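Hi,

Here is the structure I said I'd pass on. Have a look at it first, and my notes on the inside of the protein follow below.

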Amino acid sequence: MVKERARILIVGGGYVGMYTALRLQRQLKPELKRGEVEITVVSPDPYMTYQPFLPEAAAGSISPRHVVVPLRRVLDRCRIVIGEVRSIDHAKRTATLTTLATEEEGAGAEQITYDELVLAPGSVSRTLPIPGLAEYAIGFKTVEEAIGLRNHVIEQMDIASSTRDPAIRDAALTFVFVGGGYAGVEALGELEDMARYTARYYHNLKPEDMKWILVEASDRILPEVGEEMGRYTVSQLRRRNIEVRLETRLNSCADRVAVLSDGSRFPTRTVVWTAGVKPHPVLAATDLPLNERGRLRCTPQLAVDGVTHAWAAGDAAAVPDVTAEPGKETAPNAQHAVRQAKVLGDNIAHTLRGEPLETYSHKYVGSVASLGLHEGVAHVYGHKLRGYPAWFMHRVYHLSRVPTFNRKARVLAEWTLAGLFKREIVSLGSLEHPRAEFELAAGGKPPTDPKGSS
């Protein structure tokens, strides 16, 4: 029994935030009914994004609305606040946040008090001071970016098909991806596969007219699947005429020209930045202990080290890996995040009931990656797979992990229909400026870029 009313604040609605709230809903169901516990989830978006499906959403294999999970539907016993936490004073048990109504109200940021804090804000793209990066590059971390990139690629093909200027055509058909991790390789593989298929519907475009370039600063890609599978991935990408530049960095992309550290220069209208992530800035605006990488120092029980009533997991937390040698931490990926959220939810319930805590322990089982339709690599439980078997395992694994039966059924239905019918090749870039045409009709000035990414 919970002795007094407990207010639980969960910062973030991603993997850890949503799954922790789900676990708490189940574990504390009697207390929630009696009003002894209140769970508040603060998230900038009203949904959780299942990020492993972003490449397939960008390629058109999955509808964007099916790679997100609405928080209000699945967390029906929680209070959902759409906003951003700006700072946390854990000594006073208060968090300062802004909501969608803050600016209109004119009252400034509001404060919320809590008894138990779960910090799960996730991570943000790690960028470098590269000339032109902020002006011209596209990220690949949200569903909006994924769909925007799909629209952008098809628009570039439209530009190349209609222009008479060979320089504009070459720049439109050159696509540079920076970062050889999961996000970069899967996004490149899926989009190149989609663009190659789309090219058949253009009378003056061929797949070989397009130039796809992967830039990676280290000497290999996809380190999670092992060195052998990484080499295989490089060979497969090169067989598809994709340039893989290892031990190479992007020095500049100013004026729509990608300049690499090996001296290469590529006029391009597309630079996709997937070169890693960093902890969310809100962690630096707390009075909680951080490690040298800016992540929260945690115990194996997922409590913030040296602090009571504060918990963390996922990208924001440096969690000791009890299955490895001392000093090792769990990798900040979805495989750990989902499992950590379960233990985290249980431990908060144990704390409220005065029960002993559980220790998080999970041995990394391996990784799977998709390289486009029917192509993939996998290294799972020591077994190495490639080609169709790896691609099939990738789909089966992620279908089993996507939250809610509703989403599983919808994704499976879309995959089934995609196998029966042809790909969609439509660009809806005008969605980024939905009022542009009406403003023009009403006598206003059109935006300088009515299609958005072009």
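Let's start with the largest cavity: its lining is made up of Tyr136, Cys253, Arg256, Val257, Thr268, Arg269, Thr270 and Val271. The space inside comes to about 50 Å³, and the count of cavities of 30 Å³ or more is 2. Do keep in mind that this is a predicted model.

Now for the packing. The largest nonpolar core has 114 residues, and among those with the most contacts inside it are Ile8, Leu75, Phe177 and Trp212. Helix 7, residues 143–162, gives the largest share of this core, with 9 residues. There is also a second, separate core of 14 residues, and Val271 from the cavity lining turns up there, along with Ile130, Val176 and Leu260.

If you want one residue to click on in the big core, try Leu75. Leaving aside residues up to four places away in sequence, Leu75 touches Met18, Ala21, Leu22, Gln25, Val41 and Ile80. Met18 is itself listed with the residues that have the most contacts in that core.

On to the rings. A search of the whole structure turned up 8 aromatic pairs. One of them is Tyr50 with Phe53, edge-to-face at 5.0 Å centre to centre and with 65° between the planes. Both of these residues are buried, and ring pairs link them with Tyr15 and Trp415 into a cluster.

One last thing to look at: Arg386 lies over the face of Tyr232, 4.4 Å from the ring centre.

Cheers

Notes: Residues are numbered from 1 along each chain as its sequence is written. This is a predicted model: local features need pLDDT of at least 70, side-chain atom pairs count only at pLDDT 80 or more; totals for chains, interfaces and linings use all residues. Side-chain values use heavy atoms; hydrogens and water are left out. A nonpolar core is a set of buried Ala, Val, Leu, Ile, Met, Phe, Trp, Tyr and Cys residues joined through side-chain atoms within 4.5 Å. Buried means under 20% relative accessible area, exposed over 50%, partly exposed in between (1.4 Å probe, protein chains only). Helices (H or I, at least four residues) and strands (E, at least two) are DSSP runs, numbered from the N terminus. Contact means heavy atoms within 4.5 Å. Rings of Phe, Tyr and Trp (its six-membered ring) pair if their centres lie within 6.5 Å; planes under 30 degrees apart count as stacked, over 60 as edge-to-face and the rest as tilted. A charge sits over a ring if NZ of Lys or CZ of Arg is within 6 Å of the ring centre and within 35 degrees of the ring normal. On a 1 Å grid over the protein atoms alone, a cavity is a set of points where a 1.4 Å probe fits but cannot get out, and a pocket is an open set with protein on both sides within 12 Å along at least five of seven lines; lining residues have an atom within 4 Å of a point. Grid points are joined across faces, edges and corners, and a volume is the space filled by probe spheres set on the points.
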